[in-house]
Each structure stands twice: as structure tokens, then as C-alpha cells.
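Got your viewer open? Let's take a walk through this model, one selection after another.

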Amino acid sequence: MGCSTLYHLAKAGVSDAILLERNELTSGTTWHSAAQVRALRSSKNLTDLIRYSISLYSSLEQETGQATGWINKGSLSIATNPDRLHFIKRQESLARMYGVAANSISVAEAQERWPMMNTEDVIGAVWSPEDGRVGPSDLCAALVKGARARGAKIFEHTGVTGIKSRDNIIVGVETSAGEIACDAIAICSGLWSRENAAMAGVEIPVWPCEHFYLLTNPIEGVSGNLPTLSDHDNHLYIRDDSGGLLVGCFEPMGKAIDPDQIGKDFAFQLLPEDWDHFEPMLENALHRLPCLADADIRMLLNGPESFTPDGSFLLGESAETQGLFLGCGMNSVGVATGGGAGMALAHCIVHGHTPTDLHEADPKRYPSCFNSVAALSARVPEILGTHYAIHYPGIQLQTARELKLTPLHSKWQDNKAHFGQFYGWERPLYFDKQQEPRLTFNKPDWFDLVAREVGYAHEQAAIFDQSSFGKIKVSGIDAEIFLNRVCANDMTRPPGRAIYTAMLNQRGGYESDLTALRINANEYRLYVGTSAIKRDLAWLKRHLKPGQQVELTDVTDAYAVLALMGPSAPGIAEQLGASELNQMGYFQFFNTVISGIEVDAVRLSYVGETGWEVSCPARQAQQLFDALSSAGAKPAGIFAQTSMRIEKRFLAFGHDLDTDINPFQAGLEFTLDWDSDFIGRTALLEQRDHPPDKKLVSILFDSVDAQPLGNEPVYHDGKIIGKTTSASFGYRVGRPVAIALIESNSENYLAGLKVDVDIARSQNAGTIALNAVYDPSGSNMRAATR
């Protein structure tokens with residue numbers, strides 16, 4: 001990762017870039033990597049990073065004269081149960097959408113590609129011909145040769161002893177060989193990255209696990225290079241190695257190891273063999289490859305690799321220190337991703353942003369609670385195991401839980417909530433759970449429970465807990481001027497108004513969407529997404545101009561937020577002595593009293609039903625809940641809220657909105673104040689008179705039995721024209737519904753268009769609607785998205 005970043009900085013014309021290596025290049029993890037390169041990832045942009053890597057690795061030798069060891073023999077993924085087959089067929093659908101070659105093949109054809117494989121329990125397979133592997137040490141040598149040819153310098157045996165900053169801006173680095181002045185540092189130091197970032201006051205949750213693979217001596221029948229065999233039901237990957245076999249695993253629960261136990265001088269060493277830990281995987285391997293029973297074992301390799309709490313790497317600038325960039329926590333995909341990720345990190349350093357949206361890898365996505373040794377050492381062994389797990393809808397990680405509890409957590413426990421973790425917060429997914437849900441790609445166990453909760457909000461009154469939303473106090477005499485520049489809507493509206501607005505980048509794409517309450521002339525309270533608080537605070541701080549009198553304060557924990565929604569909500573307000581709420585217009589808020597509790601109540605809805613989002617001091621949240629509950633409101637969870645917001649085509653950042661999507665594509669151009677000089681205005685003016693090339697629309701499915709999850713290809717006349725971005729069953733419309741990003745320069749063409757959505761290689765018919773599929777008011781108003 002470091003060599004790739006250096007290479008791409010030099011290629012971009014950065015003539016004074018240097019690389020510091022405490023030991024020698026490839027030491028630590030790179031030298032012993034199995035170096036698998038599999039192109040398909042969960043998003044197009046992550047996939048494109050690896051496709052860039054493949055292109056780079058296959059061309060570097062011609063550029064530098066240094067071989068990279070690139071071998072393109074493809075990969076074979078097998079399934080031994082129906083859920084795995086469904087999952088790999090979903091991956092095949094994704095691959096087709098992203099332009100990656102992948103095809104379902106018969107068990108007999110899979111046997112032909114891997115003759116030594118026992119196929120008695122195999123029920124299907126997917127063949128990916130573009131995958132391969134590379135020689136990690138050779139690859140680094142080629143990258144370094146290319147970087148040096150462009151003027152970059154490498155200093156081995158040069159450890160970093162300190163990072164210097166002034167006013168949270170990088171100014172230099174201290175090394176064992178002296179001090180270096182610089183304005184940007186990229187930390188690409190693998191399992192030691194957490195320690196290095198701490199020198200700059202930056203928290204990054206990276207922690208190592210032991211990673212095992214078995215090497216045999218030559219085996220009869222292994223000649224030349226074979227495809228990589230992916231037997232994920234047995235947690236295995238298998239390929240040839242020097243005439244023998246390499247059998248690696250991502251076991252269901254890995255082994256964390258403290259970096260202090262590894263030591264700073266760990267370079268080309270390995271960790272001790274652990275046959276007791278590896279034995280279950282060896283039994284799986286013997287089942288899949290009976291020839292291993294007679295094989296001569298060369299060694300059980302055990303090397304450390306770094307992992308993160310969610311299994312995705314870190315790429316981009318840190319929240320805390322300007323000029324400190326991160327390219328680490330690679331989760332065993334460092335070699336595969338490194339070429340493209342190094343390119344993207346270099347682009348971020350030079351241009352201030354990644355070449356495409358990579359929110360999944362944004363270092364600012366983690367709360368501080370994940371940076372503790374206890375949380376990391378509990379979580380990363382589970383993350384290692386998720387590499388080969390089936391990603392069922394609704395699946396939740398089990399370790400490092402209850403890190404952050406909302407003020408109503410005990411109330412939700414009393415109501416038998418099934419919790420999910422979001423940015424460390426425990427949030428109720430649904431209520432009245434009787435047993436652990438069975439995970440499936442078919443109708444989920446919670447279907448009827450969620451239907452009941454939607455019914456509360458649609459026919460009576462429901463309470464949604466939105467306390468985990470980030471809350472930022474923006475105060476000072478320049479608050480209005482500042483926000484009118486960083487926000488795209490009109491922030492000059494008077495106190496008592498709520499404003500839904502975007503924060504855009506210079507390219508006109510979404511950095512965030514939020515709701516602002518104007519408290520008084522010099523104070524606003526911003527409500528941002530649960531996982532957006534660190535990112536949005538960093539964005540705001542970076543755009544403060546020198547001398548502006550503005551104070552930014554994270555007040556997330558100070559307030560609880562209860563959304564009271566449903567046709568009975570006005571009656572409950574009346575019953576609790578807050579009848580003035582029924583006089584409010586949309587996007588107005590009142591400071592009032594409900595059952596003796598001072599609250600800020602905002603008239604808006606994220607579910608498309610009458611109601612208010614009510615903020616109160618966190619310490620009084622349970623008292624407010626008791627009052628609302630006694631008046632007849634019932635708890636409802638995130639699954640119900642998600643279903644209802646998709647029916648209403650309310651958009652969510654990270655699903656429907658990202659830094660590549662602009663307000664024209666989102667259908668939110670009405671939230672732009674063209675009279676203010678907001679960030680992104682120039683870019684949008686250039687696009688205003690041209691129809692957008694893509695459009696976010698709704699799709700209503702024909703069949704009640706379709707099971708869309710989001711991120712599925714959308715076809716028309718046999719061609720892919722877009723993808724779903726969010727999906728759920730729509731309980732109010734009685735059918736599945738999705739939001740989709742569709743390529744088209746004509747809204748008239750899209751309205752009513754019949755399409756097919758590819759769900760695990762099965763075509764599911766539906767119809768496009770330009771607006772919400774559920775809108776009882778007939779209006780097209782969109783509320784604040786979360």
C-alpha cells in the first residue's frame with residue numbers, strides 16, 4: 001500500500017514524495033501474503049479499485065522491466081447449500097452490473113476446472129476468469145522502481161518517532177535519522193498504523209489477527225497453475241504453490257494478537273504454528289481435497305494481518321488532523337486492493353478527495369468507542385470470520401456490543417427489542433422478539449412484527465427512537481454567514497424554522513444531508529446521520545475561514561430524539577397539553593412543554609405520516625417516552641422506518657446519496673438556494689440547463705414474493721440501465737419497493753417504464769415511478785433524510 005501510494009504520487013508529479021520504512025520493504029505482512037486478487041467487491045467503486053490493480057499489475061513489468069508475478073488463472077466459487085448458492089448468484093449479478101466476468105457453471109464443469117476436488121456435496125459454482133494472483137515482493141519491487149524513476153525516494157531502516165502538527169495541521173515528521181518538514185503524511189504501516197496515528201492525536205481502530213495457511217510439498221497431479229478454489233462454506237481458499245498446494249482459511253472466529261506482543265522488530269518472522277486452532281480447517285480441507293491425506297506438509301504459516309471493526313479498510317484524510325492520510329487496516333485485501341487504493345490515496349492527497357465515492361473506506365466512519373483495546377480485540381476475530389460468511393439481510397455482528405446506549409435502551413429492552421449496532425449505538429430493529437431470528441434470503445422471521453409496527457405508524461401512533469442522530473451546535477455571530485456557504489439551502493430563514501439542506505463538495509456531490517433548526521439569530525442545531533457526526537464535524541471545521549466567529553460543538557449525547565408519527569399523533573399532543581403542535585406548519589419547530597418536559601418539536605416526517613420529531617434533554621427521555629406511551633403510542637424500530645422511508649422515496653446517505661450524486665440526479669434541486677454562494681454552486685450551474693444523466697426513482701415490484709435487498713442490477717430490454725440503492729417490502733402498498741439509480745436523460749421516458757430487477761440471477765418485474773409509490777397527500781415533499 002505504501003509503495004503503491006508513493007508510485008502514484010510520483011506519477012502525479014509530486015517530485016518530493018518519500019517513503020519511510022522502519023525495517024525493509026515488504027516486511028511485516030506483505031512478504032507472506034497469499035496475494036489473491038479477486039475483482040468483485042460490494043460496490044462498483046471498490047470493485048474498480050481492484051480492476052485498476054489488475055490492469056496495473058499486468059502492465060508494470062512492461063513499464064519497469066521488473067516482473068510482478070501476475071498469474072491470471074481465474075477463481076472458482078463453489079456452493080454446498082442453497083443459501084450459499086443464492087449468495088454467489090447475487091455476486092454473479094453484481095459482477096455483471098460492474099462489468100466483471102462471472103458465470104454460473106455446472107458441478108461437472110467445476111470438477112473439470114479442479115479435478116482433485118471432491119464434489120459430492122457441491123450443488124453449484126460461479127467461475128470468475130479475470131481473477132488471479134501476484135508475487136507481493138516482486139510487485140513492491142516494480143512499484144518502487146517506477147517511483148524512483150520519477151524522482152521519489154525510499155529510506156529503509158528509518159523509523160518514525162513522532163508526528164508534528166500545528167493547530168491540528170501536519171507540519172513535519174520526526175524520524176530516527178532526523179526531522180522532515182512536510183504538509184502531508186500517509187500512514188500505510190499495517191498493524192502498527194494505530195500506534196503511528198496516535199502520534200498525531202488520531203484514533204484509528206486497526207488491530208491484528210493471526211492468519212493461517214498450509215503449504216505442502218509437491219503433490220502428484222498438481223502441475224502448472226490452477227484457478228483459486230473458494231470453498232467458503234468450509235472457510236477455505238486453495239491454490240497451487242510450487243507444485244504443491246496452499247490451503248488458507250478465514251475461520252469463523254480468528255485469533256487476535258496484541259501488537260506489543262509482536263514487537264517493533266518483527267519484520268520477516270512468523271508467528272508460532274497453532275495446529276489445535278487450524279485442525280477444524282484441516283478437516284474441512286481433507287474433505288474437499290482427499291489427496292491431502294497423503295501430502296507431505298511443508299509448513300503451517302501463521303502471519304499477522306490487520307483488521308478493522310467493520311471489515312473495510314481505511315483510505316482518506318483523518319478527521320482530527322489535516323494533512324494526515326490513512327491507507328491501512330486492509331483486512332487481508334491489501335495486495336488485491338493496493339494498486340487501486342494507492343492510486344486513490346495519492347489522488348486524495350493531491351486533489352483533496354478520492355477519484356470516486358469511497359464512503360465505505362472513509363476513516364471518519366468510526367466512533368471513538370471502537371478504538372479501545374477491549375473492543376478491537378473482541379471484534380476483529382469475528383471480522384476475520386465474516387470474510388467468508390454469507391451476508392444475510394439483517395445479520396448483525398455479535399462481539400463488541402453495547403458500546404453506546406441510547407437514553408431509552410432499558411425501555412426498548414422491556415419491549416423485547418432486537419437490536420442492531422450503528423456507529424456503536426444499539427438501536428432497536430424491531431420489537432416483541434420471541435427468539436433469535438432465522439437468517440434467510442426468503443421472507444424473514446420479523447416480517448409480521450415489522451408489519452405491525454408499520455401499522456402503528458400508519459393507523460395509530462408510533463414512537464421511533466432517533467436519539468443516535470448526530471447533533472452539532474453551530475453558534476456565533478458569523479453562524480448564518482458560515483452555514484449559508486457550506487449548506488446549499490437558504491440558511492437565513494428566521495428562528496423557529498427547520499431547514500432541510502445538503503452540504504455539497506466543489507463537484508456538486510453530496511457530502512452530507514441534514515436538518516437544521518434555527519434556534520436564534522446566532523445559533524443553529526444541525527441533525528445529521530447517525531454515522532455522519534465525525535465526518536460532518538470535520539467538513540465544517542475544514543471550511544471555517546480564518547477569523548470567522550463560529551463555534552462548533554458536538555451535542556449528540558445531550559439530547560434524545562423521539563419521533564411521534566401517525567394519525568393519532570395530533571390527539572396525543574392534545575392529550576398531553578401540547579395542542580399548539582397541531583398549529584405548526586411543515587418544517588417549523590416550537591419550543592414547548594409536553595407533560596412537564598421542555599422539548600423542541602419539529603413538524604416533519606421520515607416515514608410519510610403525520611407527526612413530529614421531538615428533542616428533549618437526554619436525562620428526561622424516559623419520562624417523555626412514558627408520557628407518549630401512556631397516551632397510546634407504540635414503539636417501532638428501524639426496519640419499519642426503513643420500509644416506510646423507501647415507500648416515500650426519502651433518501652439515505654450511504655445508500656441513495658453519496659459524494660458522486662448531485663441534487664439534480666436525486667430530484668432534490670428544490671432544496672438549492674441559487675441566491676447564495678454555496679460550495680458546489682459553480683459546478684451545479686454548469687449542469688442546471690442539462691437533463692441529468694442518472695435519476696433516482698422508485699420501483700414497485702409486480703410480485704409480492706420478490707425479495708430485493710438493494711444493490712441489484714435493473715434491466716430494460718435485456719440491458720442494464722441502473723441499480724437499486726435501497727429496497728424493502730412496502731407494507732402500505734402491499735408489495736416490495738426499491739429506490740434505484742437509473743441512467744436516462746429523459747424523465748418522460750422513465751415514468752411508467754417496465755423493468756426487471758436481477759435478484760440472484762432471477763428476473764423480477766417492476767414499474768418505475770418518478771416519485772414516491774406511497775404518497776397519500778399527493779405531494780412530492782421530501783423530509784429530512786437520515
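## Stop one: a loop residue with an unusual angle

Select asparagine 711 to begin: its relative accessibility is 22%, so it counts as partly exposed. Here buried means under 20% relative accessible area, exposed means over 50%, and partly exposed is what lies in between (1.4 Å probe, protein chains only). You'll find asparagine 711 in the loop between strand S34 (694–701) and strand S35 (713–716). Helices (H or I, at least four residues) and strands (E, at least two) are DSSP runs, numbered from the N terminus.

Before you move on, keep in mind that this is a predicted model: local features need pLDDT of at least 70, side-chain atom pairs count only at pLDDT 80 or more, and totals for chains, interfaces and linings use all residues. Residues are numbered from 1 along each chain as its sequence is written, and side-chain values use heavy atoms, with hydrogens and water left out.

Now check the backbone. Most residues other than glycine have a negative phi. Asparagine 711, though, has a positive phi near 70°.

Next, select arginine 649. This residue isn't a glycine either, yet its phi is positive, about 55°. Is arginine 649 buried or exposed? It counts as buried, because its relative accessibility is 1%. Its place is the loop between H17 and helix H18 (663–666).

## Stop two: a pair of helices

Stay with H17 and bring in a partner. Two packed helices are described by the angle between their axes and the distance between the axes. Select helix H12 (residues 447–459) together with helix H17 (residues 638–647): they pack at about 65°, and their axes are 9 Å apart. The axes are lines fitted to C-alpha atoms, for helices over the stretch in contact, and angles run from 0 to 180 degrees between N-to-C directions.

The crossing of H12 and H17 is right-handed; that is the name when the near helix is turned clockwise from the far one by less than a right angle, and anticlockwise would make it left-handed.

Which residues make the contact? Show side chains for Val450, Glu453, Val454 and Ala457 on H12, then Phe639, Ala640 and Met644 on H17. Contact means heavy atoms within 4.5 Å. Sort these residues by type and you get six nonpolar, no polar and one charged. For that sorting, Ala, Val, Leu, Ile, Met, Phe, Trp, Tyr, Cys and Pro count as nonpolar, Asp, Glu, Lys and Arg as charged, and the others, Gly among them, as polar.

Now go to glutamine 434, in the loop between strand S22 (425–430) and H12. Glutamine 434 is exposed, with a relative accessible area of 57%. Try the distance tool: from its C-alpha to that of histidine 418, 16 residues away along the chain, you should get 9.4 Å.

## Stop three: around H4

Select glutamate 109 in helix H4 (residues 107–113). Glutamate 109 is partly exposed, at 27% relative accessible area. Tryptophan 127 is 18 residues from glutamate 109 in sequence, and their C-alpha atoms are 9.6 Å apart.

Then pick valine 122, in the loop between H4 and strand S5 (124–128). With 8% relative accessibility, valine 122 counts as buried. What does valine 122 touch? Leaving out residues up to four places away in sequence, its contacts are Ile78, Ala79, Thr80, Val107 and Arg288.

## Stop four: a jump along the chain

Select glutamate 320, in the loop between strand S18 (314–317) and strand S19 (324–328). Glutamate 320 is partly exposed, at 27% relative accessible area. Its contacts, again skipping residues up to four places away, are Asn168, Gly201, Val202, Glu203, Lys534 and Arg542. Now draw a line to glutamate 112: the two are 208 residues apart in sequence and 54 Å apart, C-alpha to C-alpha.

## Last stop: zoom out

Show the whole protein chain: there are 20 helices and 39 strands. The C-alpha atoms fill a box of roughly 80 × 60 × 50 Å along the principal axes. Buried residues make up 59% of the 786 residues. Of the contacts with a separation of 6 or more, 72% join residues 24 or more positions apart.
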